[in-house]
There are 2 protein chains.
Amino acid sequence: MKKPAKSAVRLRIYLGGEVAIGPGRAELLQLIGDTGSIAEAARAMEMSYRRAWALVQSMNALFKSPLVERTAGGAGGGGARLTPAGRAVLEAYADAEREARTASTAPVRRILRRLR
Amino acid sequence: MKKPAKSAVRLRIYLGGEVAIGPGRAELLQLIGDTGSIAEAARAMEMSYRRAWALVQSMNALFKSPLVERTAGGAGGGGARLTPAGRAVLEAYADAEREARTASTAPVRRILRRLR
DNA sequence: GGGCGTTATGTTCGTTCGTGCATAACGAGG
DNA sequence: CCTCGTTATGCACGAACGAACATAACGCCC
């Protein structure tokens with residue numbers, strides 16, 4: 001197998017004109033689920049807490065039922081967890097990206113071959 | 001058939017950290033092919049000629065062989081055309097998006113159902 | 001009660017992105 | 001030769017974005 005150029009295909013799902021979910025939001029959800037904290041997830045992605053918080057806000061507003069549940073308080077007190085809806089959306093997005101990626105490998109390869 | 005919420009899935013192909021081709025660049029290529037002019041394509045997309053020109057520049061540099069061929073001069077004189085490579089890449093991208101879209105409909109639907 | 005780490009929110013600042021405007025060279029056609 | 005519409009390029013301005021900082025309230029744990 002030849003050394004592959006670092007390439008990737010990524011999926012974004014829009015509703016109206018705005019992004020419903022894409023790679024960034026998905027990774028954030030994943031990390032919130034893993035770490036149990038928006039702040040820690042933000043640090044892991046090297047993004048400001050402000051922005052991570054805004055993304056969560058936006059997603060919670062965008063979906064019928066919130067994807068992330070938050071409670072204030074530190075040191076084991078508060079934090080953030082994925083709701084069942086959050087887990088479902090995250091999993092569905094991962095599925096979608098996986099299916100899309102495998103289905104498009106042939107044409108994508110035709111493009112990659114032409115890249116420098 | 002129920003009135004569908006205006007939704008879309010879109011594909012972006014990255015090389016290294018940068019976008020090789022995505023919806024915007026693809027549409028630009030398409031319009032250049034149709035109109036025979038970067039300027040007119042830009043107007044059709046309601047984007048500045050400056051930006052369209054920069055995108056073409058970037059794509060031509062990114063691929064082994066240029067996607068768009070340009071010649072100066074107006075009034076039927078100059079203009080821009082897709083090279084064979086340009087047509088090939090555009091077609092491959094359309095294929096990729098189509099395949100990706102059909103393959104991911106099921107999980108995507110699971111997400112859309114949860115959207116407000 | 002004090003400390004720690006979290007959510008929540010405002011404000012400021014720098015950078016990035018894209019547009020708009022100006023200019024130049026070019027090329028066909030009347 | 002002159003006009004028109006294009007490619008090509010610089011520059012300045014504004015908008016949008018995201019980071020960084022500053023607080024505040026909250027909740028567990030020692």
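**View 1. Classes of the residues on the surface near DNA strand C in the predicted model.** This surface has 10 nonpolar, nine polar and five charged residues (Ala, Val, Leu, Ile, Met, Phe, Trp, Tyr, Cys and Pro count as nonpolar, Asp, Glu, Lys and Arg as charged, the others, Gly among them, as polar). The strand is surrounded by 24 residues, near meaning a heavy atom within 4 Å. The closest are I38(A), R70(A), G74(A), S48(B) and G73(B). Of the atoms of DNA strand C that come within 4 Å of the protein, 62% belong to sugar and phosphate.

**View 2. Arginine side chains at DNA strand C.** An N or O atom in the side chain of R70(A) is 2.7 Å from a phosphate oxygen of the strand. For R51(B), the distance from such a side-chain atom to a phosphate oxygen is 3.1 Å. R50(A) has a side-chain N or O atom 3.0 Å from a base nitrogen.

**View 3. Helix α5 (residues 105–112) of chain A against helix α4 (residues 84–103) of chain B.** The helices pack at an angle of about 155°, with axes 8 Å apart; α5(A) is therefore roughly antiparallel to α4(B) (angles over 145 degrees). P107(A), V108(A), R110(A) and I111(A) meet residues of α4(B) including V89(B), Y93(B) and E99(B), with contact meaning heavy atoms within 4.5 Å. The residues of this contact divide into seven nonpolar, no polar and three charged.

**Notes.** Residues are numbered from 1 along each chain as its sequence is written, and chains are lettered from A and ligands numbered from 1 in the order in which they are written. In this predicted model local features need pLDDT of at least 70, side-chain atom pairs count only at pLDDT 80 or more, and totals for chains, interfaces and linings use all residues, while side-chain values use heavy atoms, leaving out hydrogens and water.

Terms used. Axes are lines fitted to C-alpha atoms, for helices over the stretch in contact, and angles run from 0 to 180 degrees between N-to-C directions. Helices (H or I, at least four residues) and strands (E, at least two) are DSSP runs, numbered from the N terminus. Angles under 35 degrees count as roughly parallel, over 145 as roughly antiparallel, 65 to 115 as roughly perpendicular and the rest as oblique. A polar contact is a pair of N or O atoms within 3.5 Å; within protein, one must be able to donate a hydrogen and the other to accept it, and residues adjacent in sequence count only if both atoms are side-chain atoms.
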